[in-house]
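The following report is addressed to a reader who meets this structure for the first time. It treats two helices and a sheet in turn.

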Amino acid sequence: MPAPGSASPRAIALVTAGLGTCALLAVLAGVVFPQAPRDGYASGLQASGAAGGAGSPSLPSDTALRVTFLDVGQGDAVLLQAPEGQTALVDAGRYDVVPLLREMGVERIDLLVATHPHADHIGGMAHVIESMPVRSYMDNGDPHATATYRRLLAALDARPEITYLEALPRTISLGSVEIEVLPLLRRGTTDHNNRSVTLVVRYGTFTAFLSGDSEIRQLTDLVGRGVVPRMTLLKAPHHGSDNGFTPAFLRAGRPEVVVISVGRNGYGHPRPAALSAYAEIGARVLRTDMDGHVGIQGYRDGGYGVVRGQQVALPGTESTDDRDRIRVREAVAGRAVGGGGVPAAAAAAARVRVSVHADAPGDDHRNLNGEYAVLQNQGDRGLAIGGWTLCDGANHCFRFPARAVLATGGTVVVYTGSGRPDSERYYMGMGRAVWNNSGDTATLRDGTGATVAVFRY
Ligand SMILES: [Zn+2]
Ligand SMILES: [Zn+2]
């Protein structure tokens, strides 16, 4: 990882020209409410909603900051798009968000922020770094002892051209949008959630407050420092947990709209206490688990519009992740955008065969590379399998690196343990056996989450 503080904590301008981003509007079908007044939100909604309408091509989007809460299941991924086209991505969900970003016409990220190193925030980040140009990367400098975090560091190490920014108090310009980084609690004095990188995003008088999984301790500290501004938009801290708000914080911020980035989970997020606290201050609440992707267009005068994605059809996955007890919702992002069928997957489905060699010689947990899965391409065309995943029945997954290819007639082997990968051998890097000797399911999915092949034994 680059040295913390290797860029000075002063204002940094990110001034690349962005690509056209109207694709977002095509993706986010829904109701549009431009220029809702700062007071009387409910009535403003109805009045302007009629004028907007689903998929209206005449949105003044080039004069708006767009804040999109991607529906990534239980986790966070928030895309900021400046009126001038620059992009920032704050967290990247647990799984792959690259297909979704591409569908939205995002080809580069000017500022990538990891709020804190939990997997539901950084799981998809390495693949973003491997898949598109990233100018700057910011985190709180706290290490974490997980494979997900190590993978992120490895991806950063492979891209020395990315400027590292430690999350010190500073202001970053993203086109005409200003991003203020708020001070953190001192390292070593608290847990990961309470050291979430917290950003105040300003475009004119429109103000958004983004904080990963901040809990009472951090929110109280920020209120005490007097750095919590009056805000238009709040990303509910910690997925709407009951430790993700305090009355003093909500009194200081008085958000008009609160977006909860949440999926199926075992924590009870969002909690009733948080929902009623948001209701009490009169905030409009939107949720990615119910509204799909939630897009907020912020205008200079403090007005805003809401664009809601279609609710995502859930694949019937019932697996649980051992470590986090989170019910897994697979690759929702890709499905949401594709709106159903994914031709690439369908075409590949007939051609790829998966098999699993579960019973390693000796002790499976010691001889990790004695168990492996094999993918065989029986078709007459090579397949780019970068971003594809291979998962067992308990949802232990391997993601193929960006440039992975399954040649015509060729095979690739995915070993459970560690090793040096080449074009035909990959390693899951697991510390224990994955494939159940008494029966399991191997599921191969493409980069959008569509199932390509299933092998049951
Ligand atoms: Zn989280
Ligand atoms: Zn967390």
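In this predicted model, helix H6, which spans residues 147-157, has four named buried positions: Tyr 149, Leu 152, Ala 155 and Leu 156. Viewed along the axis of H6, these buried residues fall within an arc of 120°, and they therefore line one face of the helix. An α-helix has 3.6 residues a turn, so residues three or four places apart point the same way. On the face of H6 turned away from the buried side are the exposed residues Ala 147 and Asp 157. The cover over the buried residues of H6 includes helix H4 (119-122), helix H5 (125-131) and strand S6 (134-139).

Helix H7 covers residues 216-225, and its buried residues are Gln 218, Leu 219 and Leu 222. Down the axis of H7 these fall within an arc of 100°, so they too line one face of the helix. Strand S10 (198-203) and helix H8 (247-253) are among the elements that cover them. Just after H7, Gly 226 adopts a positive phi of about 75°.

The arcs of the two helices are set out below.

| Helix | Arc of buried residues |
|---|---|
| H6 | 120° |
| H7 | 100° |

Strand S6 also belongs to an open sheet of eight strands, ordered S7-S6-S5-S4-S3-S2-S15-S16, with mixed pairing. Strands S7 (163-166) and S16 (304-308) stand at the edges with a single partner strand each, so one side of each has no neighbour in the sheet. From one strand to the next, the twist averages 20°. Within the sheet, S2 (residues 64-69) and S15 (residues 294-299) run antiparallel and are joined by six bridges; Val 67 stands opposite Ile 296 in S15.

Methods
Residues numbered from 1 in each chain as written. Chains lettered and ligands numbered in written order. Predicted model: local features only at pLDDT ≥ 70, side-chain atom pairs only at ≥ 80, totals over all residues. Buried ≥ 20, exposed ≤ 12 C-beta atoms within 10 Å, placed from the backbone. Helix = DSSP H or I, 4+ residues; strand = E, 2+ residues; numbered from the N terminus. Arc of directions from axis to C-beta. Contact = placed C-beta atoms within 7 Å. Pairing = 2+ DSSP bridges. Axes fitted to C-alpha atoms, helices over the stretch in contact; angles between N-to-C directions.
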